[in-house]
Structure formats: C-alpha cells, structure tokens
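Visitor: Got a minute to walk me through this one? I'd like to start with empty space and then get to the helices.

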Amino acid sequence: MNFEHFFRSELDGLHAEGRYRVFADLERQRGAFPKARRHTADGVKDVTVWCSNDYLGMGQHPKVIDAMKQAIDHCGAGAGGTRNISGTTHYHVLLEQELADLHGKESALLFTSGYVSNWAALGTLCSRIPGIIVFSDAGNHASMIEGIRHAKCERVIFKHNSVADLEAKLAAADPAAPKLVAFESVYSMDGDIAPIKEICDVAERYGAMTYLDEVHAVGMYGPRGGGIAEREGLMHRLTVIEGTLGKAFGVMGGYIAASAALCDYIRSFASGFIFTTALPPALAAGALASIRHLKESQVERFAHQERVRRLRSALDRNGIPHLPNPSHIVPVIVGDAAKCKWISDLLLDNCDIYVQPINYPTVPKKTERLRITPTPLHSDHDIDHLVGALHQLWSRCALARAVA
C-alpha cells in the first residue's frame, strides 16, 4: 500500500468538502484577553477571540496566575510521576477536596483532561460492572461515546433530552440488569440544557446510576459555580458529576466527583488514571485558586450573562440567525461547510475577528456553524464590531434567506 498517497487523498477530501481544519497561531496576552496576537507568514496582528472556552477569562485572573507562579517556585515544573508513583503533591490533594466540596460529594478524582475523565470513568464503570446496560443521550460528547464504546457493554442510545424515550428504553430493558444513564447538562454545540430533574426521576424509578457531564457548566452556573445541577438543587441525586478545569476555571484538567467508594474504585482500576503522569502542581494550584474564587464571587457570572444577552439582542436586531437556548453558547448556523469556513476566514483576515468554523464530524452535516462564546471581558465595541462584520458578510453571501 502507498501509505503517503492514502494520507494525501484523505486530506484532499477534507479540503474539497471545506472541512479541513486550520489552526490559528495565537499568542494570548496577559491582561488583554479576549485580544490575542495572531502569527502569520505576513507578520503579527492583534485579533479578538470569540470562540474561547475560557468562558470567564479566569486564565487571566491575577489570583490564578499568582498561584501558579508560587507553585512553580515551590515545586518546580512537573509532578514527577504518576499519581501512584511520587506524582501526588499536596496541591492535588487540596484540589480534589475542593472539587468534592463544590459538588457536595464525599470525594473527587483528578485526570489530565475532561476527555480523559469521561473516557476513563465511563470505560471503567461500564466494563467492570457485570451485565451493565448504559443508556446514553444521543447528543453526548465524543469522550463519553468513546468511553462507553471501549467498555464493550450493552448500550442503548435515547433521543436527545427525551425523558419519554429514556423511560421507554429503561422499561424495555432487563429489570435485573444494572443500569447507568449518561448525559450532559449544557450541550456544547447547540447550547441546550438537559432536564436533569426528570432524568433523575426516571433513573431512580429503574434503579439506574446517573452520570452527568457538567464540563460546560461548572464555574458558570449555581451560587458557587457547581453547575446546572447545583443551580437546580440536584447534585445529591446524581451518582457521578464530571467536570473540567480547562473551560470556566481557565486552566487544564478533568475530574469526577462521587462517593468515596466510587472514586476509589476508579482510582484503583482505571488505566487512564493509573498509567499517566499527574497534572503539574502549578496547574493544580491555578485550578484550586480559580475554584475558590468562583465559589465566593458572582461578579464574573453576572457580567458574563449580561454580555450574552447583549450579543443575542444585537444579532436579533441585525437579522443574523442563531439558535435560541438558555445557556451562554451562541451558535450562528450557516449550514454549509465551505461557506462557514469562508465567513470565518474573512472575519479573521479582514476584520481581525477569530471565530473557528465548526463542521462535521463535530456537528452533523448541514448544521455547520460559528460557535460564539462571549466572555465578561468582551466590550460593547467588541460586540458591535462582531455583529457589524457578520451583518455585512450575511448580506454579501445571501445566507440570510437560506438559514433563517
């Protein structure tokens, strides 16, 4: 086989469909977020970032930066090993305690990313509990899907956010089989929110565990940033709450929070935890500072919600279609991969606005979009500039009628 020819032909196919991914070479500037420097062959330009998952700008917060610097000074750069072999520092211990407290659970367990925490936790639970059936929301993230697939257990997909379909599928299953319902709170591409209470009601009727991915909600919702489940007073009803440190908390890493026995079980059997180097102490220290701050401060959340409202209103006034949802994610639907990339490229090259196009397989074909994520640090001028540029492009490519 001519491997190089195969690789090139597959990549050519992505180019032809408009789905080839190009990374923007960015240099974040301390104190200037959401501005960044973009490096190109023609030089360096300042751009405004509109697609960051650093939802609250905590990656720039002085408390977070100072905590990471102090940890570097105290501990050096890396953890020095896996958690089992010399890699558990006091920062890791404190962070897990803080996360358990955030979600009202007995314990928490750190991973190197949110992807790994889903893959490892679901993969371990679903492969080692004999006869388990997993009921997975059709909109679940790739990390959840991969973890469940890796487990090779029986799995049932229920219609996205459909409590009725979930109940029908639970009722049709073997009543003696152990069961787990896996779903998200805020879905990252459409920005819709799961009916957590109703899912818990159904799961409890059928004796199923519940596994809730809160990665796009932790830090963002609830009086202490515990997520949608905290906001709705439901944390105690969930078996496992999974989250990330790389979005609203502004650093890096993933975790689960659950009972002490469940966390110890994952710690003891999950290969994705056992055989990987621990997070650097500086990252753990930064996340710890971020979580502690957002437990006490509503300033960032209130400012963020106001920015989201202002952006949505500006889009509406200018006739730019976006998916209505109750979250902070603003998807502007284009519906064509090539046009989505074309708009993104023009915004970046002509307007110094960076919004990454979201194409298949991240979203279904014909639902390609610009996924806009405002932050508390986007100014009125930033919003007006973005909406004005989108309005001009919408007119130029005659998309308004096609996607309205």
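Visitor: How much space lies in the largest cavity?

Guide: About 70 Å³. Keep in mind that this is a predicted model. A search of the whole structure turns up one cavity of 30 Å³ or more.

Visitor: Which residues line the largest cavity?

Guide: The lining is made of R83, H92, L110, F111, T112, F273, T276, T277, A278 and L279. By type, that lining splits into five nonpolar, four polar and one charged.

Visitor: H92 caught my eye. Which helix contact does H92 take part in?

Guide: H92 is one of the α4 residues that meet α12. On the α4 side you have Y91, H92, L94, L95, E98, L99, D101 and L102, and across from them sit P281, A284, A285, A287, L288, I291, R292 and K295 of α12. The residues of that contact come out as eleven nonpolar, one polar and four charged.

Visitor: And at what angle do the axes of α4 and α12 cross?

Guide: Roughly 30°, with the axes coming within 9 Å. Helix α4 covers residues 90–102 and α12 covers residues 281–296. Angles under 35 degrees count as roughly parallel, and α4 and α12 are therefore roughly parallel to each other.

Visitor: Is the crossing of α4 and α12 left-handed or right-handed?

Guide: Left-handed.

Visitor: OK, how far apart are the axes of α2 and α12?

Guide: They are 8 Å apart, and the two helices pack at an angle of about 150°. Helix α2 is residues 62–75. Over 145 degrees counts as roughly antiparallel, so α2 is roughly antiparallel to α12. The crossing of α2 with α12 is right-handed.

Visitor: Which residues make the contact of α2 with α12?

Guide: From α2 it's K63, V64, A67, M68, A71, I72 and C75. From α12 it's P281, A282, L283, A285, G286, A289, S290 and H293. That contact divides into eleven nonpolar, three polar and one charged. P281 and A285 of α12 are in this list, and P281 and A285 also meet α4.

Visitor: Switching pairs: how do α7 and α8 sit, roughly parallel or roughly antiparallel?

Guide: Their axes cross at roughly 10° and come within 10 Å, which makes α7 roughly parallel to α8. Helix α7 contributes V163, L166, E167 and L170, while α8 brings E198, I199, V202 and R205. Five of the contact residues are nonpolar, no residue is polar and three are charged. For the boundaries, α7 is residues 163–172 and α8 is residues 196–205.

Visitor: Now the backbone. Which residues does a cis peptide bond join, with omega about 15°?

Guide: F33 and P34. P34 is found in the loop between β1 (26–28) and β2 (35–40). A cis peptide bond also joins Y360 and P361, where omega is about 10°.

Visitor: Where is P361?

Guide: In the loop between β13 (357–358) and β14 (369–372).

Visitor: Why are cis bonds worth a mention?

Guide: Because most peptide bonds are trans. Most residues other than glycine also have a negative phi.

Visitor: Then which residue other than glycine has a positive phi?

Guide: S86 is one, with phi near 75°. S86 lies in helix α3, residues 83–87.

Visitor: Great, that gives me plenty to look at.

Definitions and conventions:
Residues numbered from 1 in each chain as written. Predicted model: local features only at pLDDT ≥ 70, side-chain atom pairs only at ≥ 80, totals over all residues. Heavy atoms only, no water. Axes fitted to C-alpha atoms, helices over the stretch in contact; angles between N-to-C directions. Helix = DSSP H or I, 4+ residues; strand = E, 2+ residues; numbered from the N terminus. Parallel < 35°, antiparallel > 145°, perpendicular 65-115°, else oblique. Left-handed = near helix turned anticlockwise from the far one by under 90°. Contact = heavy atoms within 4.5 Å. Nonpolar A, V, L, I, M, F, W, Y, C, P; charged D, E, K, R; others polar. 1 Å grid on protein atoms, 1.4 Å probe; cavity = no way out; pocket = protein on both sides within 12 Å on 5 of 7 lines; lining within 4 Å. Points joined across faces, edges and corners; volume = space filled by probe spheres on them.
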